[in-house]
Amino acid sequence: MTLPTIRVHWLNESRAFRVLWLLDHLKLDYEIIPYKRDEGHRAPESLKKIHPLGRSPLVEIEDKSTGKKKILAESGYIFQYILQHFDQSNILNNTDADMSEKIQYYLHYVEGSLQPPLMIEYLLSMVQKAPIPFPISYLAGKITGKISEKYSSGELKSQLDFVEGEISKNRGYLVDGKLSGADILMSFPLQMAFQRGFAKPADYPNIQSWMKIITSLDSYSVSKDKANALGGKF
Ligand SMILES: N[C@@H](CCC(=O)N[C@@H](CS)C(=O)NCC(=O)O)C(=O)O
């Protein structure tokens, strides 16, 4: 089978890093089309030429014989597509049907449940750090603190508690005691939660050791070097 050309529309410091890592772990050839965040930390307008929503990651699949192209958006769907079409040896899939369904679950869970409270906490922290004059800054601090207390920090804690329990039950990984696409996809929000100080590493020992193991993989370093060479941390 001739594999198509795979192009990753990659934005620096973004979820797109996981797609590089997935492709590198599967040892697939691909091209990176880099985009740089603007001063407001947003994606440049040029990404909207690839997909109307202008978010990253976007993956372009081009059939080498016909030149026909398709654009894949949404990290979970991109993972599903790549695992289904390009992981025939089940390196990151699972041959057991129940376990395979569990991987699929995480492809939805990551953006559907884990990412929203994390994003709210991030936005609230940005408001708290913004250069707003007193007394508006005081009021903004009170309001954002209340939203966090009443919703997002508690919600994030239950999500992290859940993931901590799953890793513990599943022998150090998310599914079946071994690495799968779910681990690579889930790495981004979990790294963010700790790097941004929304959770204390000491409260989540299973997530910490899981993170240490998966980020020690050669494929992680290969992707990180590629991202760094393009001027992005991720
Ligand atoms: N649910 C989408 C989210 C995509 C998304 O929000 N990507 C961020 C990067 S982490 C982005 O492109 N941000 C730039 C912007 O919003 O301008 C996915 O999973 O791919």
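**Figure 1. Gln191 in helix α5 of the predicted model.** Helix α5 covers residues 181-195, and Gln191 is part of it. Gln191 has 15 other C-beta atoms within 10 Å, so it ranks as partly exposed. Gln208 follows 17 residues along the chain from Gln191. The two C-alpha atoms are separated by 9.4 Å.

**Figure 2. The open sheet of four strands.** The strand order is β2-β1-β3-β4, and the pairing is mixed. Strands β2 (31-35) and β4 stand at the edges. Each edge strand has a single partner, so one of its sides lacks a neighbour in the sheet. From one strand to the next, the twist averages 20 degrees. Helix α1 (residues 17-25) packs on this sheet. Helix α1 touches β1, β2 and β3. The direction of α1 makes about 150 degrees with that of β1. Strands of a sheet can pair in parallel or antiparallel fashion, through backbone hydrogen bonds.

**Figure 3. Pairing of β1 with β2 and with β3.** Strands β1 and β2 run parallel, with five bridges between them. Trp10 stands opposite Pro34 of β2. On β3 (residues 58-62), the pairing with β1 (residues 5-11) is antiparallel. Five bridges join β1 and β3. Arg7 stands opposite Glu60, a residue of β3.

**Figure 4. The hairpin of β3 and β4.** Strand β4 spans residues 69-73 and pairs with β3 in the antiparallel sense. Five bridges hold this pairing. Glu60 stands opposite Ile71 in β4. Glu60 also stands opposite Arg7. Six residues lie between the two strands of the hairpin. Gly67, in the turn, has a positive phi of about 80 degrees.

**Figure 5. The shell of residues around the ligand.** The shell comprises Leu11, Ser14, Arg15, Arg42, Ala43, Arg55, Ser56, Pro57, Glu74, Ser75 and Glu111. By class, five of these residues are charged, three are polar and three are nonpolar. Ser56 and Pro57 of this shell are joined by a cis peptide bond.

**Figure 6. Leu47 and its contacts.** Leu47 sits in the loop between β2 and β3. Inside 10 Å, Leu47 has 19 C-beta neighbours, and therefore counts as partly exposed. The threshold for a buried residue is 20 or more. Leaving aside residues up to four places away in sequence, Leu47 touches His9, Tyr35, Gly54 and Ser56. Pro57 is ten residues from Leu47 along the chain. Their C-alpha atoms are separated by 9.8 Å.

**Figure 7. Two cis peptide bonds, at Pro57 and at Pro135.** Most peptide bonds are trans. The bond from Ser56 to Pro57 is cis, and its omega is near 10 degrees. Pro57 belongs to the loop between β2 and β3. The bond from Phe134 to Pro135 is also cis, with omega near 5 degrees. Pro135 is placed in the loop between α3 (97-129) and α4 (136-169).

**Figure 8. Positive phi at Glu13 and at Asn90.** Most residues other than glycine have a negative phi. Glu13 has a phi near 45 degrees, a positive value. This residue lies in the loop between β1 and α1. Glu13 counts as partly exposed because 14 C-beta neighbours fall inside 10 Å. Asn90 has a positive phi too, near 55 degrees. The loop between α2 (75-86) and α3 holds Asn90. Asn90 has 12 C-beta neighbours inside 10 Å and so counts as exposed. A count of 12 or fewer defines an exposed residue.

**Figure 9. The region annotated as a domain, residues 3-90.** An unreviewed UniProt entry places the feature "domain: GST N-terminal" at these residues. Over residues 3-90, the chain is 24% helix and 25% strand. The C-alpha atoms at the two ends of this stretch are 17 Å apart.

Terms used
Residues numbered from 1 in each chain as written. Predicted model: local features only at pLDDT ≥ 70, side-chain atom pairs only at ≥ 80, totals over all residues. Near = placed C-beta within 6 Å. Nonpolar A, V, L, I, M, F, W, Y, C, P; charged D, E, K, R; others polar. Pairing = 2+ DSSP bridges. Axes fitted to C-alpha atoms, helices over the stretch in contact; angles between N-to-C directions. Contact = placed C-beta atoms within 7 Å. UniProt positions renumbered as here; feature names shortened; annotations may be inferred.
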